[in-house]
Every structure is written in C-alpha cells, then in structure tokens.
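Work through the exercises below with the sequence and the model open. Try each task before reading its solution.

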Amino acid sequence: GVLYGSCKNLTITNAKLTDVPASSGILAGYVGTQTTEGVKMPGLVSNVTVKGTISAKGDKVGGLTGTAYNATIEKCNVDVVITTASTDCAGLIGKSVGDLVVTDCNVKANITSNAASKNRIGGLIGWNSTVTTTITNCHVLEGTVLTDASGRSSASNGNYGGFIGFGDTAGTVLTISKSSATAVIE
C-alpha cells in the first residue's frame, strides 16, 4: 500500500513476500506519494527495522519500500534477500521519485536479478530519479551481494552499483556524505 504520514519505532522480522507486483517492499509499496493534482503527500519512516525475503515479478522493489516519493527515511536497518525478474531493485528503496532524504540507515542485501534488461540494481537505491536526494551516514554493509543471473552475454543495460544502481543526471541534485558501500557485484 501507500504510506504517507509517518511510521516510527517498528520492527518486522521473518517477513516473506512471494511473487509481489510492482512497487513492493516489506514495509510499504510507496513511502510518500503525490496526488494527480500535484499535491505532495510526504512519508516519514523513522527507526524501522525489516528483515526477510522477497520474490518479485514486478519492478520497483526494495527491502523497505518499492518506491520512495517525497520521503524521509531515517534510522532504519534492513537485512533482506531479494530475487527479482524485473528492474529497479535495492536493499532499501527500489526507485526514488520527488524529493528524498535518507539518514542513518544500514542495509545488508543479497539481491539476485533475472531481468534481461535495464536491471538498475543497487545496495541502497536501485533507481534514483528524484529531483533532490540527500543521503547522510548510510551504509551498505559487508555481506551485501548483487548478482546478475540473467544469462546475458553482455552487460548492456545492466546497471549495478554497490550504493546506487542508476541515477538520473538531468536536473538531479544528489548529495552523499559520511556514507559507505561494501558490496560484491557478480
């Protein structure tokens, strides 16, 4: 579903999501949204821990949320195993849209992508398409593994990054500080 408003001080363990559609995550499909009239409905997630497995058919899949849309995510911890047949997948956020602030978050993810094109797989964010993104003191932890299992003979359209899989460049402002990524990309 869509989470706007806030979610604080929550722990979810042993979650198991199977054959999930687009925009899915253990906490929410969307954190924050925007109305068809353009009114921002921001989401705040604070001090949330999620641990579990996700098997996804649709795109925009993240351990915490599939899509962050005008969102603030702080003091969160994620430990997930994700298998996806589609694009835009990451340990924390599958795809970001609007404005995004992420602070004091730690992610450990084991992600296997079978997508044949445009993978956009990242340790923290799969596809960063926000207008303004600010990431501070966030860490993709040792033990994170991002695997291309598509069977392609080349890496065309295979965007993998220990921190961010793919980031838009036109008009996007991305600020990252006091952060790190320790990930294996196979």
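The exercises cover ring pairing, charges over rings, salt bridges, backbone angles and one lysine.

This is a predicted model, in which local features need pLDDT of at least 70, side-chain atom pairs count only at pLDDT 80 or more, and totals for chains, interfaces and linings use all residues. Residues are numbered from 1 along each chain as its sequence is written, and side-chain values use heavy atoms, with hydrogens and water left out.

**Exercise 1. Find the aromatic pair and classify its geometry.**

Step 1. Apply the rule: rings of Phe, Tyr and Trp (its six-membered ring) pair if their centres lie within 6.5 Å; planes under 30 degrees apart count as stacked, over 60 as edge-to-face and the rest as tilted. The count comes to 1 aromatic pair.

Step 2. The partners are W127 and F166, with 6.1 Å centre to centre and 70° between the planes. That makes the pair edge-to-face.

Step 3. Place the partners on strands (DSSP runs of E, at least two residues, numbered from the N terminus). W127 is in strand 15 (residues 125-128) and F166 is in strand 19 (residues 164-167), so the pair ties together parts 39 residues apart in sequence.

Step 4. Check accessibility, where buried means under 20% relative accessible area, exposed over 50%, and partly exposed in between (1.4 Å probe, protein chains only). W127 has 16% and counts as buried. F166 has 29% and counts as partly exposed.

**Exercise 2. Trace the strand pairing around W127.**

Step 1. Use the pairing criterion: two strands pair if DSSP finds at least two bridges between them.

Step 2. Strand 15 pairs with strand 12 in the parallel sense, over 3 bridges. Here W127 is the bridge partner of K95.

Step 3. Strand 15 also pairs with strand 19, in the parallel sense and over 3 bridges. Here the bridge partner of W127 is F166.

**Exercise 3. Which charges lie over the faces of W127 and F166?**

Step 1. Set the test: NZ of Lys or CZ of Arg must be within 6 Å of the ring centre and within 35 degrees of the ring normal.

Step 2. K95 lies over the face of W127, 3.8 Å from the ring centre. K95 is thus met a second time, having W127 as its bridge partner in strand 15.

Step 3. R120 lies over the face of F166, 5.9 Å from the ring centre.

**Exercise 4. How many salt bridges does the structure hold? Describe each.**

Step 1. Recall the principle: side chains of opposite charge can pair when their charged atoms come close. The criterion is a side-chain nitrogen of Lys or Arg within 4 Å of a carboxyl oxygen of Asp or Glu. There are 3 salt bridges.

Step 2. K40 pairs with D99, with the closest N and O atoms 3.1 Å apart. K40 lies in strand 6 (residues 40-41) and D99 in strand 12 (residues 93-103), so this bridge ties together parts 59 residues apart in sequence. K40 is partly exposed at 48% relative accessibility. D99 is partly exposed at 28%.

Step 3. D59 and K60 meet at 3.3 Å, N to O. D59 is partly exposed at 21%, whereas K60 is buried at 17%.

Step 4. D88 pairs with R120, with the closest N and O atoms 2.4 Å apart. D88 sits in the loop between strand 10 (77-84) and strand 11 (89-90), and R120 in the loop between strand 13 (106-113) and strand 14 (121-122), 32 residues apart. Both D88 and R120 are buried.

**Exercise 5. Examine the positive phi values of N9 and R120. Is each residue buried or exposed?**

Step 1. N9 is a non-glycine residue with phi near 55°. N9 lies in strand 2 (residues 5-20). At 59% relative accessibility, N9 counts as exposed.

Step 2. R120, also a residue other than glycine, has phi near 50°. R120 is found in the loop between strand 13 and strand 14. Its relative accessible area is 11%, so R120 is buried.

**Exercise 6. Describe the surroundings of K60.**

Step 1. K60 lies in the loop between strand 7 (43-56) and strand 8 (61-62).

Step 2. Apply the contact cut-off, heavy atoms within 4.5 Å. Not counting residues up to four places away in sequence, K60 touches A22, S23, S24, G66, T67, T87, D88, G94 and K95.

Step 3. Link back to earlier solutions. Among these neighbours, D88 forms a salt bridge with R120, and K95 lies over the face of W127.

Terms used. Helices (H or I, at least four residues) and strands (E, at least two) are DSSP runs, numbered from the N terminus.
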